[in-house]
4 protein chains.
Amino acid sequence: MPTTSVGVFKIATSGPGDVSGLMAMIGSGAIDPTSILAVLGKTEGNGGVNDFTREYAVAALCTALAPKLGLSPEAVEQRIAFVMSGGTEGVLSPHLTVFTRSAAERPAGLSGKRLGIGMAHTRDFLPEELGRSAQIAETAKAVKAAMADAGISDPADVHFVQIKCPLLTSERVEAANARGNKTATTSAYSSMAYSRGASALGVGVALGEIGPVVRDEDVMRRYDLFSNVASTSSGIELMHNVVIVLGNSASSASEFEIGHAVMDDAIDAAAVTSALKSVGLGATPQPGRTLVNIFAKAEASPDGTVRGFRHTMLEDTDISSTRHARAAVGGLIAGLSGTGAVYVSGGAEHQGPAGGGPVAVIARLP
Amino acid sequence: MPTTSVGVFKIATSGPGDVSGLMAMIGSGAIDPTSILAVLGKTEGNGGVNDFTREYAVAALCTALAPKLGLSPEAVEQRIAFVMSGGTEGVLSPHLTVFTRSAAERPAGLSGKRLGIGMAHTRDFLPEELGRSAQIAETAKAVKAAMADAGISDPADVHFVQIKCPLLTSERVEAANARGNKTATTSAYSSMAYSRGASALGVGVALGEIGPVVRDEDVMRRYDLFSNVASTSSGIELMHNVVIVLGNSASSASEFEIGHAVMDDAIDAAAVTSALKSVGLGATPQPGRTLVNIFAKAEASPDGTVRGFRHTMLEDTDISSTRHARAAVGGLIAGLSGTGAVYVSGGAEHQGPAGGGPVAVIARLP
Amino acid sequence: MPTTSVGVFKIATSGPGDVSGLMAMIGSGAIDPTSILAVLGKTEGNGGVNDFTREYAVAALCTALAPKLGLSPEAVEQRIAFVMSGGTEGVLSPHLTVFTRSAAERPAGLSGKRLGIGMAHTRDFLPEELGRSAQIAETAKAVKAAMADAGISDPADVHFVQIKCPLLTSERVEAANARGNKTATTSAYSSMAYSRGASALGVGVALGEIGPVVRDEDVMRRYDLFSNVASTSSGIELMHNVVIVLGNSASSASEFEIGHAVMDDAIDAAAVTSALKSVGLGATPQPGRTLVNIFAKAEASPDGTVRGFRHTMLEDTDISSTRHARAAVGGLIAGLSGTGAVYVSGGAEHQGPAGGGPVAVIARLP
Amino acid sequence: MPTTSVGVFKIATSGPGDVSGLMAMIGSGAIDPTSILAVLGKTEGNGGVNDFTREYAVAALCTALAPKLGLSPEAVEQRIAFVMSGGTEGVLSPHLTVFTRSAAERPAGLSGKRLGIGMAHTRDFLPEELGRSAQIAETAKAVKAAMADAGISDPADVHFVQIKCPLLTSERVEAANARGNKTATTSAYSSMAYSRGASALGVGVALGEIGPVVRDEDVMRRYDLFSNVASTSSGIELMHNVVIVLGNSASSASEFEIGHAVMDDAIDAAAVTSALKSVGLGATPQPGRTLVNIFAKAEASPDGTVRGFRHTMLEDTDISSTRHARAAVGGLIAGLSGTGAVYVSGGAEHQGPAGGGPVAVIARLP
């Protein structure tokens with residue numbers, strides 16, 4: 001396992017098409033464009049089916065990076081994993097998190113495991129495979145491949161697995177119907193949930209958090225089956241899953257460390273605090289440690305309540321529950337961390353317990 | 001000043017028309033209907049111009065209370081102050097807070113000031129007076145009258161002033177135009193902000209938080225002028241202001257105490273914690289003390305940022321900024337207090353500093 | 001078959017709680033409250049799960065009518081069929097249509113069939129029966145009972161069948177799960193579509209428009225199965241179907257006549273014109289005939305296109321497709337009839353062909 | 001005046017970033033990219049402040065056209081006028097209308113005036129000039145310049161003037177404040193209306209439809225002042241006005257003709273029919289004539305009614321009135337023309353009478 005250096009850069013954006021911050025850092029030499037492995041972004045769309053801010057952001061980034069990499073925009077999109085999560089409700093603030101990786105010597109005195117990152121892709125799925133066991137199994141395979149790519153062998157060292165997965169459109173449902181097959185749902189909006197859920201179950205299978213056999217009918221029903229570190233986002237622009245594993249690796253010489261906790265519900269302040277503490281941050285941070293970013297999933301609890309009190313997120317026809325949940329969890333995390341520029345993503349099906357979700361924190365070490 | 005007993009009851013509701021919880025408490029004798037002075041509610045509408053859940057809740061309560069009070073529903077609405085704040089975004093949970101007041105002996109050993117409540121009304125306003133100095137001055141007069149009614153003489157003992165104020169509709173704007181007068185705004189939605197802002201400035205004037213002279217053009221512009229304890233809600237159903245003062249009074253024999261703090265921005269976790277501590281609650285509560293409810297105002301900071309990071313609430317044409325802000329602040333307060341059944345109301349113009357707002361807490365003493 | 005007199009009154013409302021127009025007509029003697037059989041209303045909510053304007057309107061009407069009928073509000077709700085359709089998007093205007101029926105002598109010279117109305121109820125459904133064959137079969141029985149009640153024996157004389165049907169909530173889904181049964185869907189919003197669809201299929205079965213055997217899996221899938229005269233609305237306030245049949249009857253002495261046509265898609269202007277002409281209205285109306293109201297269903301075509309061009313209604317996460325469709329079809333019908341005070345209701349699953357829907361017109365004869 | 005050939009091409013899109021249709025027509029030689037003067041598009045955003053589908057569409061088009069024109073994307077944006085109108089509510093269908101112009105011989109036998117197009121730009125505005133007389137006067141100058149560019153001297157030959165104009169953002173309002181100046185409004189959303197209104201008044205002034213003196217305070221108040229042919233759209237991406245004049249010109253050798261009518265209100269079916277007839281289309285079209293596209297403006301009537309019946313568009317906090325209005329007028333126009341691929345744009349302030357708006361039709365001649 002070669003030693004790698006992994007960098008993490010958080011860059012505020014003024015709109016989904018704003019690439020100026022990243023370009024400035026490339027221009028100044030702070031970021032070597034050839035080392036960029038993945039970009040996770042929060043964009044200010046609705047996070048739903050017709051959220052075009054995600055693909056707009058990706059298009060803008062690919063166009064801007066193309067000349068820097070000597071590639072066509074299309075080739076840039078193949079080379080770098082772009083995961084845009086739409087929806088900056090409430091105090092959430094649009095931004096990009098850029099992950100870089102390059103070969104490095106691990107300094108002699110470096111103690112402990114440091115941030116590692118790895119990536120893998122599944123094959124393309126048929127529309128009728130989304131939200132079902134085929135998506136689960138293929139995702140599990142890709143998670144293991146991404147762990148190896150990250151230089152991580154112990155599942156306990158995996159703290160966040162970000163997956164980008166497809167959704168159904170009218171056209172895709174039609175295509176399945178034309179083959180005589182039914183899709184898991186005919187609604188584009190609810191297909192996003194199915195795809196996110198199956199992808200998360202794939203992470204759970206890969207990490208041994210749940211057993212290897214998950215049936216089609218368990219997806220979106222057996223909420224006791226979940227991964228504590230999965231974060232999945234569905235988007236219209238692809239038909240396969242892209243898997244990014246973040247964890248701590250003995251072969252990394254990074255200045256960063258990652259930890260996580262699991263929110264049991266959407267108001268689990270203790271879990272957020274615990275995640276911060278796991279990397280030496282929180283009310284009394286370890287000297288020199290600073291927050292880089294927080295990555296969390298939010299959802300409306302499917303049983304319609306939070307600690308015994310009814311919520312109204314699932315019955316609201318004006319605002320989708322994912323927007324409600326991101327706003328609320330974003331408010332809590334921003335309050336506890338002091339910044340709204342955090343990555344809170346909606347739709348936590350099978351990602352953490354029902355109504356809760358994973359929360360991971362990356363700290364920069366002194 | 002006669003001694004009074006003030007009660008506070010928080011009752012969850014299953015919908016805006018649900019009066020069963022209150023009726024059960026009246027049936028069991030827990031609440032004497034003749035002692036009800038005010039009802040503050042969170043209902044699950046959009047909190048905007050066309051939020052009919054507020055008037056529906058009031059209509060349902062008046063119809064249900066009428067036979068208990070031997071009054072017509074209309075007379076009930078005149079007797080009791082009903083303040084319904086629409087919008088239970090995110091984890092916020094619909095509920096009623098019922099305030100009762102009755103004459104009482106103050107027990108000999110009772111120490112310190114206890115929760116007092118008082119009420120007053122302004123005259124009806126003309127549409128062209130809303131959001132302007134006439135509304136400010138009349139509100140200030142009513143605040144002083146409500147303080148006297150509450151048995152509170154020191155402005156420092158006032159911890160929350162809830163005001164219900166009018167808004168403009170197309171018809172009301174037309175009526176002003178027909179008189180040759182222009183209203184502060186022609187938009188129903190933005191009139192809610194003007195009316196809330198002027199009402200809050202009236203509180204600030206009454207309590208000496210700001211000087212006595214506030215000009216028409218200061219409303220919605222001079223955000224350095226504000227009250228730390230004002231909470232104002234606009235509704236279509238009235239043309240005057242209803243003022244409810246909550247504070248601690250030496251003439252109260254209540255089992256409850258109130259305190260407050262001011263959130264400097266929408267992610268000011270420290271202020272929420274401080275408000276909780278001010279009544280002996282928080283991470284290590286005083287023995288026997290329990291949380292009854294939290295009353296807070298939320299708004300999108302007018303400068304478009306929170307602690308240096310851009311928010312997108314004011315540029316969102318799909319969801320009004322008041323809904324965004326309630327969701328985010330509601331998420332934070334729920335996380336720190338452990339419950340989503342809190343009263344977080346939107347539109348904090350001149351209520352606390354720009355982007356922040358008052359947060360008051362009522363605790364039950366052992 | 002006794003001869004009946006059937007009256008139809010369209011009354012504009014100033015809000016969901018406005019009963020003043022109806023009360024004025026009762027006060028003036030224009031409407032005998034004891035003759036009111038049904039009230040169809042358009043209210044200005046979102047038409048979705050959390051549209052409380054419907055139940056608010058019903059509550060207000062029941063409270064207002066109770067003393068006029070010497071009944072409790074609850075008994076009024078049992079006696080009169082209230083069908084409130086939420087959503088007055090675009091130019092649609094909130095209003096009530098009040099149907100009265102009383103015994104009458106049919107005048108000697110009266111020619112032709114005249115407007116008849118009949119009503120029937122199904123039994124209460126279990127949550128797991130909604131959207132499935134049980135709901136279809138029970139509805140078909142109730143349609144036949146309502147035809148008999150209307151004095152109509154020939155299905156060709158039935159021009160509009162309005163049905164009010166239940167929806168699923170989180171609680172109802174839980175109740176089914178607790179019994180070990182799965183509901184047709186777990187989403188409250190999509191349960192509205194299932195319930196509307198199964199109810200419409202019940203009309204089709206009763207009128208012989210489709211064969212008697214419809215399977216569970218045909219609901220929301222076999223869109224070639226539909227009724228040309230069904231109009232179904234789901235609401236949270238009931239667990240059974242209420243069926244109202246409108247048609248022309250030889251035993252009616254009404255001053256009104258009804259006709260209908262079927263819109264093949266959401267822009268089928270010719271069908272609207274044809275429906276108007278069927279009762280002597282349109283560009284060159286028969287002398288003395290006037291429009292009372294138009295009743296139509298609207299929906300986004302499930303294939304995502306209208307006459308070959310893509311629509312975006314089904315991919316919009318900000319606005320539900322039912323709101324889009326009502327706005328568009330409402331705009332067309334209002335343009336062709338000259339008024340926005342028409343009853344256009346959303347969600348036309350199995351009501352007319354996919355993407356289209358029934359359109360019925362009631363004219364007053366000279 | 002040199003003779004020109006003006007082409008008009010309507011191209012459906014599958015999303016805001018879809019340029020494949022235009023690229024195919026360029027590839028096949030059907031469109032010469034160097035002849036493209038303007039592109040009017042309907043994109044599927046919300047049409048409000050945060051509608052990024054407009055700038056995304058422009059970015060995608062500029063990137064795609066750049067190599068065809070041998071220019072940078074930025075230079076393409078300067079050369080071609082891109083006007084993207086967000087919002088395809090209801091049956092409206094996303095599409096582009098591409099206008100080309102090139103020098104041509106006018107065939108000997110060509111009779112009558114034919115479609116001409118001209119363009120002009122104003123200078124950049126300061127934020128505090130938007131919605132005020134400076135914007136009006138500069139726009140009027142640009143309209144006259146664009147008429148000259150189109151080869152049109154008689155204002156009666158002008159049938160549609162499309163203007164793209166700026167809006168205010170928080171930053172822009174701050175910039176004005178920093179200069180000690182107040183903007184016409186502080187709300188981004190309402191600034192769109194002010195900018196559209198002032199731009200339309202500029203058209204009215206240029207064409208002599210209204211007198212030359214329009215005061216700041218007339219904007220958004222004196223709705224009796226309007227242009228019958230103005231169509232204005234505000235977008236975040238520019239600070240000046242772009243003016244495109246469409247009319248019939250004696251110096252044009254185009255195969256197309258344009259006509260218009262004015263909708264008096266949002267349900268004015270007769271005006272739509274009249275506009276169609278003005279270019280030989282409608283129920284009985286002239287032989288060989290076919291519809292290319294319809295361009296119309298829609299708005300909620302400011303007095304809250306349509307033909308005496310209340311509408312709810314202005315009181316809706318969930319959906320902006322511009323979306324309501326586009327959906328309704330789009331439904332009517334689609335019904336009368338047989339297609340939802342029409343350009344219906346929201347926000348008709350001072351564009352046609354209050355609540356109405358211009359409707360222009362382009363036909364291809366045989």
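**Figure 1. Chain A and chain B bury about 2,800 Å² between them.** Welcome to the first close-up of this predicted model. Carbon and sulfur atoms give 60% of the area buried between chain A and chain B. On either side of this interface, 37 residues of chain A are in contact with 37 residues of chain B. By class, the side of chain A that touches chain B holds 17 nonpolar, 13 polar and 7 charged residues.

**Figure 2. Salt bridges and polar contacts link chain A to chain B.** The count of salt bridges here is 4. One to look for in this view pairs the side chain of A:E44 with that of B:R310, at 2.8 Å from N to O. Alongside the salt bridges, 10 residue pairs are in polar contact between the two chains, with both residues of a pair at pLDDT 80 or more. Turning to secondary structure, strand 12 (309–310) and helix 8 (321–337) of chain A each bring at least two residues to the side that touches chain B. Helix 8 of chain A makes the largest contribution to that side, with 9 residues.

**Figure 3. A turn of 180 degrees lays chain A on chain B.** The shift along the axis is 0.0 Å, and the fit has an RMSD of 0.0 Å. The two copies are therefore related as by a two-fold rotation axis. To find your way to this axis, start from A:L332, whose C-alpha lies 2.0 Å from it and comes closest among the residues of chain A. Of the interface residues of chain A, 100% are interface residues in chain B too, so the copies meet through the same surface.

**Figure 4. Chain A also superposes on chain C.** Here again the rotation is 180 degrees with 0.0 Å of shift along its axis, and the RMSD is 0.0 Å. A good landmark for this view is A:D318, which of the residues of chain A comes closest to the rotation axis, at 3.5 Å (C-alpha). Because 89% of the interface residues of chain A are also interface residues in chain C, these copies meet through the same surface.

**Figure 5. Domain 1 and domain 2 meet within chain A.** The domain assignment of chain A gives three parts: domain 1 (4–103), domain 2 (114–245) and domain 3 (255–364). The centres of domains 1 and 2 of chain A, taken over C-alpha atoms, are 22 Å apart. Contacts join 17 residues of domain 1 to 17 residues of domain 2. Together the two domains bury about 1,500 Å², with 71% of this area coming from carbon and sulfur atoms. Three residues deserve a label: A:V49, A:V83 and A:R101 supply 32% of the area that domain 1 buries against domain 2, more than any other three residues.

**Figure 6. A:R101 and A:D149 form a salt bridge.** Their closest N and O atoms are 3.2 Å apart. Between domain 1 and domain 2 of chain A, the salt bridge count is 1, while 3 residue pairs are in polar contact, both residues being at pLDDT 80 or more. Several elements of chain A each supply at least two residues of the side of domain 1 that touches domain 2: strand 1 (4–12), strand 2 (36–43), helix 2 (53–69), strand 3 (81–86) and strand 4 (95–103). The largest share, 4 residues, comes from strand 3 of chain A. This side of domain 1 is made up of 10 nonpolar, 3 polar and 4 charged residues.

How values were computed: Residues numbered from 1 in each chain as written. Chains lettered and ligands numbered in written order. Predicted model: local features only at pLDDT ≥ 70, side-chain atom pairs only at ≥ 80, totals over all residues. Heavy atoms only, no water. Least-squares fit on C-alpha atoms with pLDDT ≥ 70 in both. Contact = heavy atoms within 4.5 Å. Domains from an automatic or database assignment. Buried area = accessible area lost by both parts, 1.4 Å probe. Polar contact = N/O pair within 3.5 Å; in protein donor to acceptor, adjacent residues only side chain to side chain. Nonpolar A, V, L, I, M, F, W, Y, C, P; charged D, E, K, R; others polar.
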